[in-house]
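Thanks, everyone. Please have the structure open while I talk.

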Amino acid sequence: MNRPKTWLILFVLLVWAASRFQDAINPYYFDILITIGINIILGVSLNLVNGYTGQFSLGHAGFMAVGAYLSAAITVFLTPRLDGGAMGATGLFVVALVAGGLGAALTGLAVGVPSLRLKGDYLAIVTLGFGEIIRVVFQNTEALGGSRGLSIPTRETGLFGTYLVAALTIYVVVLLVHSTYGRGFLTVRDDEIAAESMGINTTKYKVIAFVVAAFFAGIAGGLYAHFKQFIHPEGFGFLRSVDIVVIVILGGMGNTPGVILAAILLTILPEGLRTLGNWEALPTSLRALVQNRMILYSLLLIVLMLTRPQGLFSGGGRFTKWLKGRGA
Amino acid sequence: MKALLEIQDCTVQFGGLKAVAELNLAIRERELVGLIGPNGAGKTTVFNLITGVYQPTAGDIWFDGKSVVGRRPYQITARGIARTFQNIRLFASLSVFDNVRAACNLHLRNGVSHALWRGESFHREEQEVEAMAEELLAIFHLDHLRDAECTSLPYGDQRRLEIVRALATKPKLLLLDEPAAGMNPTEKQELMRLIRFTQEKFELAVLLVEHDMRVVMGICERIAVLDYGVKIAEGTPEEIRNNRRVIEAYLGE
C-alpha cells in the first residue's frame, strides 16, 4: 500500500546489513564510499532549492559548516563530561547530528527570510556572502579552534549513518516534490507571478525549501566532521559550495536520480584519474597528462557542460525515462 | 443585488504618470462585465490592481464584503479572484494535468507532514484533487492532453488551459486579460461560447479585458471604457456603441 515507506525501510535494512562488514573494506574505498554518501546528501538537498524551486543558492557549504561545527562542539565539550553516562558515544553522536541539522535549519531560516526576496544573481551573491561570513566567524572563534581547526576525538560516522541520512534526504525531497502540495515548488521556479495568482504563497515555499535543504546540509556537515575527525573553516569556503552546485547542475536541475549519479561520478572521477595516473602500463606522456588530474577534471566539466547543458542525466534520454518510470 | 467587487476612487500612480485615476467600478455576482479602451489606457493595470500585484496610491477595493487593499496576490486569490494573463503564463515545465493540480493547492488541507508521511488522509485528498482536475479538463475538452507538456499545446488550447487552471482555485470572480488576442475569427467565436458557458456553469462574475469589439459587444452585459486611466463611459453594449466620447477616444475627433 505504502510504497515509498517500504522502499525506505528495505534500503535502510540493506545498508544496515552492509555496514556489518564495513571493517573489512579497504580504508581508501571506505573513505570514498562515505564521501559519496555525504555528497549525495548535499547535492540532493541543494537540488530542492536550486533545481526544484529555482532559487540560485551559493551558500550550501555555509550550512554544512554550521552543522559540522555545532555537532563537533557538542561532541568535544560533552564527551569528557558524560564519560560513561547513560547516552553512550553513539547516542551523543545522534544528538550532535540532529542539533547540527537544526542549527543549520535555523540559520537557513534567518538567512532565507530576508534574502529570498531577491532573485537570480542577486540571491546567489547574498548566499555567497553569507557563506563567507560563516567561514570568517568560525575562523575567529577561538573556542572552536579558530583558524587552527577543530579536532574531534571520536570517529562515529559509518556506512550505516551516512547512507541512512542519504536515504532520508532523498525520501524527503522526492516525496515533498511529488505531491499536489509539492507542485508549488515547481510553480515558483516556472513563474512566480502566475504562482501567486493561483493562490500559491511563493515566499513560504521558498523558505521551506531553504530550511529543509539547510537542515540536511547541517547533518551532512556533522557526518563529515565525525568522519574526518578534523574540521577547518577553509574546508567550508566558496569552493565547497561551488562543488555542490556543480553536482546539481551536472545531474540536471530538479532531477534527483541525476543528482545522485552526478554525486557518485564527481566523487569517483578525481580518484579514478589518480589511479589511472599511477598505472604502470600507461605510456609516460599519457600518464603525465593524467597526473595533472585537476586540469583534466576541469576540462571534462567544460566538455560536459558544452555537450549536455541540461545536465548529464536530464532530458528525454532512454536512461532518464527508465529512471522516471521507477516513480522517482 | 449587492456588488461582489467594488473599486472605490482608486488611483495608481507611477511617478508622475497616473495609470489609473479615481476609478469607480462595481461588478455584481454572476455578471459579465467588459473593460475596454485604446492601447495603454490602463486596463491591465486595473487587473494588477484588483489582484494585488499593484497597490492603489489612493482609494479602496472591496471584494465580497472585505477590503483587499494591502493583501498579497495569493491571499486575494484565496478570497475568490482568479485571473488569466495577457501573455500566457502557464507553468512551462509542468504537464497539462500538473498545471491544474498546482492551482488546487489553495484548498488543500494537507501540508508538508502529510506529503512526507503519506497516510490515508493524504491519499484521499490526492485522489480528490486528481478527480477535480480531471473533471475540469474534461469539461474543457483537454482531458486527452492530460499528460502532454503544456508548452506543446496549440495556442487556443493554452488559453483554455489557463482558464481551467484559474477555475481550479474555485473563484467567484474570474478576470480574463485579452483572451482573444492572436485568435482567428473561428477561434474567437469558440472563445465567446466558452466564456459564456464558463460563466453560467460555474456561476461566476467575469471581468473581461478585450480589444476585439465583436467579442466584447457580443457577450458582455455591461461595458466600462477607459482612456488614459479615466473611465469615460459605462453602460450596455448598445449605449457604448453610440457614445460620442468612446468613438472619439478610439477614432479621434
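I will go through the sheet of chain B, then the contact of the chains, then helix pairs in chain A.

One thing up front. This is a predicted model.

Start with the sheet in chain B. Six strands form it, and it is open. The order is β6-β7-β8-β3-β9-β10. The pairing is mixed. At the edges sit β6 and β10 of chain B, with β10 covering residues 230–235. Each of these two pairs on one side only. How are neighbouring strands turned against each other? By 20° on average, direction ignored.

Now find β8 of chain B, residues 205–209. It pairs with β3, residues 32–36 of chain B. The sense is parallel, and there are four bridges. Look at B:L32: the residue opposite is B:V206 in β8(B). Then take B:G34. Its bridge partner in β8(B) is B:L208.

β8(B) also pairs with β7(B). That pairing is parallel too, over five bridges. Here B:L176 stands opposite B:L208. So much for the partners.

Is β8(B) buried or exposed? Five of its five residues are buried, so the strand is largely enclosed by the rest of the structure. The side chains split by direction. B:A205, B:L207 and B:V209 point one way. B:V206 and B:L208 point the other way. Both sets are buried.

Next, the helices on this sheet. Let me return to the pairing of β3(B) with β8(B), parallel over four bridges. α1(B) packs on the sheet. This helix touches β3, β6, β7, β8 and β9 of chain B. For orientation, β7 is 173–177 and β9 is 222–227. The direction of α1(B) makes about 145° with that of β7(B). Helix α10 of chain B, residues 244–251, packs on the sheet as well. α10(B) touches β9 and β10 of chain B. The angle between the directions of α10(B) and β10(B) is about 130°.

Stay with α1(B) for a moment. The helix spans residues 43–50. Why do we call it largely enclosed by the rest of the structure? Because seven of its eight residues are buried. They are B:K43, B:T45, B:V46, B:F47, B:N48, B:L49 and B:I50. Just after the helix comes B:G52, with a positive phi of about 85°.

One loop residue in chain B, please: B:L90. You will find it between β6 (81–83) and α3 (96–103). B:L90 has 22 C-beta neighbours inside 10 Å, so it counts as buried; the cut-off is 20 or more. Which residues does B:L90 touch, leaving out those up to four places away in sequence? B:N99, B:C150, B:Q158, B:L161 and B:E162. Take B:L161 from that list. B:L161 is 71 residues from B:L90 along the chain, yet their C-alpha atoms are separated by 8.2 Å.

On to the contact of the two chains. How many residues does each chain give? Chain B gives 31 and chain A gives 25. On the chain B side, α2 (73–79), α3, α4 (112–117) and α5 (120–139) each supply at least two residues. That side has 16 nonpolar, seven polar and eight charged residues.

Last topic: two helix pairs in chain A.

The first pair to show is α2(A), residues 27–52, with α10(A), residues 238–251. Their axes come within 9 Å and cross at roughly 70°. The two helices are therefore roughly perpendicular to each other. From α2(A), the contact uses A:N39, A:L42, A:G43, A:L46, A:N47, A:N50 and A:G51. From α10(A), it uses A:I244, A:V245, A:I247, A:V248 and A:G251. By class, that makes six nonpolar, six polar and no charged.

The other pair is α11(A), residues 256–277, with α13(A), residues 293–307. They pack at about 135°, with axes 10 Å apart. These helices are therefore oblique to each other. The crossing is right-handed. α11(A) brings A:L269, A:P270, A:L273, A:R274 and A:G277. α13(A) brings A:R293, A:L296 and A:Y297. The classes here are five nonpolar, one polar and two charged.

That is my tour. Comments, please.

Note on methods
Residues are numbered from 1 along each chain as its sequence is written. Chains are lettered from A and ligands numbered from 1 in the order in which they are written. This is a predicted model: local features need pLDDT of at least 70, side-chain atom pairs count only at pLDDT 80 or more; totals for chains, interfaces and linings use all residues. A residue is buried if 20 or more other C-beta atoms lie within 10 Å of its own, exposed if 12 or fewer, and partly exposed in between; C-beta atoms are placed from the backbone. Two residues are in contact if their C-beta atoms, placed from the backbone, lie within 7 Å. Two strands pair if DSSP finds at least two bridges between them. Axes are lines fitted to C-alpha atoms, for helices over the stretch in contact, and angles run from 0 to 180 degrees between N-to-C directions. Angles under 35 degrees count as roughly parallel, over 145 as roughly antiparallel, 65 to 115 as roughly perpendicular and the rest as oblique. A crossing is left-handed if the near helix is turned anticlockwise from the far one by less than a right angle, and right-handed if clockwise. Ala, Val, Leu, Ile, Met, Phe, Trp, Tyr, Cys and Pro count as nonpolar, Asp, Glu, Lys and Arg as charged, and the others, Gly among them, as polar.
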